[in-house]
Amino acid sequence: MDYTNILFSKEGNIAVLKFNRPKALNAVNPDVFREMNDALDKIMSDSSIRVLVLTGEGEKAFVAGADISHMVNLTPLQMKEFSRNGQAFLFRLERLPVPVIACVNGFALGGGCEIAMACDFIYASDNAKFGQPEITLGVIPGFGGTQRLSRLAGKAMAKELCMTGAMISAQEAKDIGMVNRVFPREKLWEETMKTAASIAAKGRVALRAVKECIDRGFDVDLQNGCNIESEAFGLMATSPDKKEGMTAFLEKRAPEFKGDMY
Ligand code: CAA
């Protein structure tokens with residue numbers, strides 16, 4: 001598939017996906033999701049990819065939300081379908097077997113904020129702005145915002161942001177636990193890629209297990225969460241990366257992980 005709404009590239013073993021509708025501040029519509037899903041299929045079938053970085057093309061936006069010109073005339077069933085379509089893409093990001101970093105380089109509003117929250121963590125530029133402004137359009141978040149925001153920042157903060165539609169700065173988003181780190185705008189890409197490279201050098205099997213344990217464990221009680229962890233910990237013994245990591249430590253050298261799957 002040729003892409004016109006996204007840009008897909010690889011930098012070594014790091015995949016980079018960019019929302020590429022800068023004239024509409026990268027607002028997302030069904031075409032964007034179609035192309036993104038195709039790119040995720042490619043990432044899933046390329047075992048050399050260790051990390052995915054998601055960002056927005058242009059100076060101003062990560063994604064300024066779902067495309068309002070697409071939504072304005074949708075019927076109830078079409079609205080529901082659009083919501084399900086977006087949610088399905090976000091679940092795919094969450095379940096992708098490689099870590100996904102959101103590199104938020106400007107506005108992350110509505111659907112854009114929701115996409116960022118479905119990534120494993122968010123790095124943001126100091127000029128980035130976050131928010132769920134749907135209420136100002138007479139609607140509500142539709143790509144999981146009412147759910148993921150309350151899980152990330154607590155129910156009261158989620159209600160305030162979704163009820164006021166207010167935009168918050170990157171620093172405020174960090175203060176409420178939505179963003180991991182904030183960088184000066186000109187440093188954001190370099191810092192994101194530095195972290196991506198650090199993660200990409202780790203064992204693929206163990207990275208996948210960390211992601212699964214934290215995500216699957218988050219929605220269950222502590223005992224069941226710990227059971228999920230023990231199962232995954234046990235499975236690590238089947239990975240050559242375990243032997244390599246521990247042997248390298250004992251031999252006082254850097255490990256070379258091959259990333260074999262169990
Ligand atoms: N959908 C469609 N087009 C959008 C858009 C969106 N979400 N956000 C921005 N654009 C377009 C603008 O219409 C404008 O297009 P034209 O040049 O053709 O007029 C262009 O992008 C540039 O935008 P502005 O001129 O408005 O730029 P600004 O710097 O003055 O303001 C902004 C930036 C504050 C982000 C403002 O564009 C804005 O408020 N955008 C809408 C944000 C929003 O409400 N997002 C939520 C959408 S609903 C949603 O996402 C539902 C869901 O959960 C699924």
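## Close-up views of the ligand site and the strands

**View 1. Polar contacts between backbone and ligand.** In this predicted model, a backbone N or O atom of Gly 142 is found 3.0 Å from an oxygen atom of the ligand. Of the accessible area of 980 Å² that the ligand has on its own, the protein covers 62%. Gly 111 also takes part, with a polar backbone atom 2.8 Å from an oxygen atom of the ligand, while for Ile 68 a backbone N or O atom lies 2.9 Å from a ligand atom that is a nitrogen.

**View 2. The shell of residues around the ligand.** The ligand is surrounded by 23 residues, of which Lys 60, Ala 66, Gly 111, Glu 114 and Glu 134 come nearest. Sorted by class, this shell is made up of 14 nonpolar residues, four polar residues and five charged residues. Among the elements that contribute, helix α2 (68-71), strand β6 and helix α4 each supply at least two residues of the shell.

**View 3. The open sheet of four strands.** The strands of this sheet follow the order β4-β6-β8-β9, and their pairing is mixed. At the edges are β4 (61-63) and β9 (167-169), each of which pairs on one side only. From one strand to the next, the twist averages 20°. In a regular strand, the side chains alternate between the two faces of the sheet.

**View 4. Strands β8 and β9, with helix α4 on the sheet.** Strand β8, which spans residues 129-131, runs antiparallel to β9 and is joined to it by three bridges. Within this pairing, Phe 130 has Ile 168 of β9 as its bridge partner. Helix α4, formed by residues 111-118, packs on the sheet and touches β4, β6 (107-109) and β8, and the direction of this helix makes about 95° with that of β6. Helix α4 is also one of the elements that supply at least two residues to the shell around the ligand.

**View 5. The hairpin of β1 and β2.** Strand β1, covering residues 6-11, and strand β2, covering residues 14-19, run antiparallel and are joined by six bridges. One of the pairs in this hairpin links Phe 8 with its bridge partner in β2, Leu 17. Two residues lie between the strands of the hairpin, and Gly 12, which is in the turn, has a positive phi of about 65°.

Terms used
Residues numbered from 1 in each chain as written. Predicted model: local features only at pLDDT ≥ 70, side-chain atom pairs only at ≥ 80, totals over all residues. Heavy atoms only, no water. Pairing = 2+ DSSP bridges. Axes fitted to C-alpha atoms, helices over the stretch in contact; angles between N-to-C directions. Contact = heavy atoms within 4.5 Å. Near = heavy atom within 4 Å. Polar contact = N/O pair within 3.5 Å; in protein donor to acceptor, adjacent residues only side chain to side chain. Areas by Shrake-Rupley, 256 points an atom, 1.4 Å probe, with all protein chains shown as cover. Nonpolar A, V, L, I, M, F, W, Y, C, P; charged D, E, K, R; others polar.
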